[in-house]
Each structure stands twice: as structure tokens, then as C-alpha cells.
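This report describes selected local features of one structure, moving from the backbone to the ligand sites and then to the packing of helices. The sequence and the structure are shown first.

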Amino acid sequence: DKMVKVCVLGAFGGIGQPLSLLLKINPHIDELSLYDLNDCHGISKDLSHINTKSTTSGFDKNTLKDALQGSNIVVIPAGMARKEGMTRDDLFKVNANIIKTLCLHIGQTCSENVKVLIISNPVNCLVPVAIETFRKLGKLHPENIMGITTLDIVRAETFLREHLRELNNDDIDPLDHDVISVVGGHSGTTIVPIIPDKNIIKLLGSSRYKQLVHRIQFGGDEVIKAKKSSGSATLSMAYAASEFISTILLSMTHGTGIRSKEQKYRYLPAYVYLPGLKNGAQLKRHLKQVAHLDVNYFAVPLKFKNGSISELDPTILTKLSQEEIELLRAAMEPLQINIKKGEKFVQNTAKM
Ligand code: NAD
Ligand code: LMR
């Protein structure tokens, strides 16, 4: 069997540490590489005593190249996190520089088949930063670059479950095949929950449905507030990233990359560059037609082959309620602004 190496950039941080723990116990990983500006030798030593088969190595700010060398997957939670009163956009300047620099090193060090998974915020802008950086390097592979939005899906499932419990409905399990999913971007009104079975929207009723949508869109704020200025979501994010990475690893070991619960298959969305992907043009046309939404980046369910995106799966967007169409419409302007900001940031850098 092929050896799988996963590298975490920002492994010392609030997300980085629990994510590294979850990756250490993932049976599909052989080698775990932990890098941060803070020296990661300590957390690597600590994790290395866990009796799972993978090996771990820690790196510091002088050894990024060694950390990256031979990686199949690079996951990036490096960068500043929000505190109360900040928007994700406030993180742009600092984190765009970090993502650009890290992507340059990835491009120079890793094979062109490396998967680059971005957690750092603002995801809506930083995936375009990554795409444009790889384009400039002449090594653009959109099928390998993704912004992780899984936390929005995890929240959607959790919050929907709470509502269904209150309604004493235990026939519907939100973890079943596509009961709820989330498309669009990863901030405020760009986050668009989709419920394929419109009867569930009816069952919730208008006020509950509105509450649910709002809570999914602003779930990040809820955590920041509860943490009282110490930071944003870290543990739930680590779980979400680990779930997403598992689907990619599954596709490397068998088949298409699925998240399964009792044999029910589903495809997790991520925020990707549509023009570079199979079904991307089709999806763009569809969004334009139904919601006058015209964007090049969008989170949508993905199918994988050998760890790379093989195609987009726009099935959940074929049937939309009027409310969902309006949510999609509202997402366009902020998304377009975010995307342009990311693209410009790289295009305005004369030389790299
Ligand atoms: P944190 O401050 O706890 O950790 C960030 C880590 O990044 C620190 O250890 C820091 O040393 C490291 N770092 C900074 N610059 C670096 C560089 N150039 N190379 C390597 N490491 C570097 O923050 P956190 O709570 O772990 O959050 C990290 C990022 O993830 C934030 O931008 C946050 O907004 C984002 N986030 C995204 C989602 C999502 O759904 N995609 C969810 C939660 C948080
Ligand atoms: C989240 O959704 O929790 C993250 O994007 C962190 C944040 O800043 O809200």
C-alpha cells in the first residue's frame, strides 16, 4: 500500500493541536508532520507516544521544507483567529500573507499532486489567494485546492437535530443522507443551508427555519462570545477538518470519498474554484439561472478520486425552495467582493 503523509501547517495553534491528535488516530495516515512558527517538537513527541501506527515529526520555523517534503495532504490552520468585535475580513491582511507564503513553499517543495486544504480565515478570500499563487507558479491544479467548510455542515446537522428534538420528531436523523447541507461561502450570509426535502422546511415552520438559518450563518460568533475574547472555534473545527480529511483519505484507499453513516453515502462540500472542475461550468450556469448568482468560487458537494476532486455534485441544488433561492441571491455580493479581494492581493504582487 501507498504511504500517506499529512502535514499540518499551524499545528501548534488552537485548531492545530486537537486536529493533530485526531489525525494521529486516523488509521489511513502513515506519517504526520507538524509545523508552526512555534516549535512543534514538543507536541510531536507527546503525540508520538500514542500507540497508533503513524509516525510523527515536529518542525520549527526554520524547517518548513523538511516538514512539507513528500506530503500527500497539507492542511493549513495557520494564522490569526477572530476575537469578539472582529469580522473574518479583519483577518485578511495578515492571513493572506501567510497563505501566499505557505503556498509558494508548497509549490516549490511538494509534488503537483499535493492536496492543499485551507482552514484559515477568511476562507472566501484565502482560497482565491491560494489559487492565484499556484497559477503564478504555473502549477495550478484546482482539483487539489479546497477551503474547508465542513464546520458549517456539522453545525447545520447539530442545530437541525435540536429543532427536531423540540418538535418530538425522531424519524429524521440529520446525519442521514443529505438531510441538510451547506453551500456558498464561509462567513455570515454567504453561508447557505440547503434542505433537499422541502417537507422538513414546512415541518420546522417559518420562525424556526429562520432561527436555524441564522444560527448556522452566525455559529462562529456564538463560540467567540462564549469564549470571552480568548478566540474562536477550535475543537469543533478540528473535528470538522478531521471528518473532511477522512473523506479524502477514504478516496485514496477505496473509491470516491464518502462520509458514511450506516452505509448511507454522502458527499461533503468544500469551497472550490468552479472553472477548474468537472461540472463547474454547468453549476455556474445553474446558479446564474435560478438565483442570478455569478461567482467563480463556491462550496458545493464534491466527489473524489485518489484524493483529488473528480467532479462537483450539484444534486442538492436542483430543487430549491423560494427561501433558499433568496439566500443564494443574498450570498452573491459579499462572495464577489471577497473573491476579488483575494485575487487582487496576489495579482498586485509584482514578483514572487
Ligand atoms: P491560533 O492563534 O490558536 O493558532 C494559529 C497558529 O498559527 C499559531 O500557532 C501560530 O503560531 C500559527 N502561525 C501563524 N503564522 C504562521 C505561519 N506563517 N506558518 C505556520 N504557522 C503559523 O488560531 P486558531 O484558533 O487555531 O485558528 C486558526 C485559523 O483558523 C484562524 O484564521 C481562524 O479564523 C480559522 N478558522 C477557520 C474555521 C473554518 O471553518 N474554516 C473555523 C475556525 C477557525
Ligand atoms: C467559525 O465559523 O467558527 C470560524 O470561521 C471562526 C470564526 O471566526 O468565526
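Pro122 is placed in the loop between strand 5 (115-118) and helix 5 (123-136), in what is a predicted model. The peptide bond that joins Asn121 and Pro122 is cis, with omega at about -5°. A further backbone feature concerns Asn168, which has a positive phi of about 55° although it is not a glycine. Asn168 belongs to the loop between helix 6 (150-166) and strand 7 (181-184).

**Ligand sites**

Asn121, one of the two residues joined by the cis peptide bond, is also among the residues that surround ligand 2. The complete surroundings of ligand 2 consist of Arg82, Arg88, Asn121, Leu151, Arg155, His186, Gly220, Ile224, Ser232 and Ala233. Three side chains of this group offer polar atoms to oxygen atoms of ligand 2: in Asn121 an N or O atom of the side chain is 2.8 Å from such an oxygen, in Arg155 a polar side-chain atom lies 2.7 Å away, and in His186 the corresponding distance from a side-chain N or O atom is 2.6 Å.

Ligand 1 is surrounded by 27 residues, of which the closest are Gly14, Ile15, Asp36, Met80 and Ile119. Backbone atoms take part in its polar contacts, since a backbone N or O atom of Ile15 lies 2.9 Å from an oxygen atom of ligand 1, and a polar backbone atom of Gly79 is 3.2 Å from an oxygen atom of ligand 1. Which residue has a polar side-chain atom 3.0 Å from an oxygen atom of ligand 1? That residue is His186, whose side chain also has an N or O atom 2.6 Å from an oxygen atom of ligand 2.

**Helix packing**

Two packed helices are described by the angle between their axes and the distance between the axes. The table gives these values for three pairs.

| Helix pair | Angle | Axis distance |
|---|---|---|
| Helix 1 (residues 16-24) and helix 2 (residues 41-48) | about 30° | 11 Å |
| Helix 1 and helix 10 (residues 235-253) | about 35° | 8 Å |
| Helix 11 (residues 280-291) and helix 12 (residues 322-347) | about 110° | 9 Å |

Helix 1 appears in two of these pairs. Its crossing with helix 2 is right-handed, and in that contact Gln17, Ser20, Leu21 and Lys24 of helix 1 meet Ile43, Leu47 and Ser48 of helix 2. By class, the residues of the contact of helix 1 with helix 2 comprise three nonpolar, three polar and one charged.

The crossing of helix 1 and helix 10 is likewise right-handed. Here Pro18, Leu19, Leu22 and Leu23 of helix 1 are in contact with Leu235, Ala238, Tyr239, Ala241, Ser242 and Ile245 of helix 10. The contact of helix 1 with helix 10 contains nine nonpolar residues, one polar residue and no charged residues.

For helix 11 and helix 12, the angle of about 110° falls in the range of 65 to 115 degrees that counts as roughly perpendicular, and the two helices are therefore roughly perpendicular to each other. The crossing of helix 11 and helix 12 is left-handed. Leu287, Val290 and Ala291 of helix 11 make the contact with Ile325, Leu328 and Arg329 of helix 12. In terms of class, five residues of the contact of helix 11 with helix 12 are nonpolar, none is polar and one is charged.

Methods:
Residues numbered from 1 in each chain as written. Chains lettered and ligands numbered in written order. Predicted model: local features only at pLDDT ≥ 70, side-chain atom pairs only at ≥ 80, totals over all residues. Heavy atoms only, no water. Axes fitted to C-alpha atoms, helices over the stretch in contact; angles between N-to-C directions. Helix = DSSP H or I, 4+ residues; strand = E, 2+ residues; numbered from the N terminus. Parallel < 35°, antiparallel > 145°, perpendicular 65-115°, else oblique. Left-handed = near helix turned anticlockwise from the far one by under 90°. Contact = heavy atoms within 4.5 Å. Nonpolar A, V, L, I, M, F, W, Y, C, P; charged D, E, K, R; others polar. Near = heavy atom within 4 Å. Polar contact = N/O pair within 3.5 Å; in protein donor to acceptor, adjacent residues only side chain to side chain.
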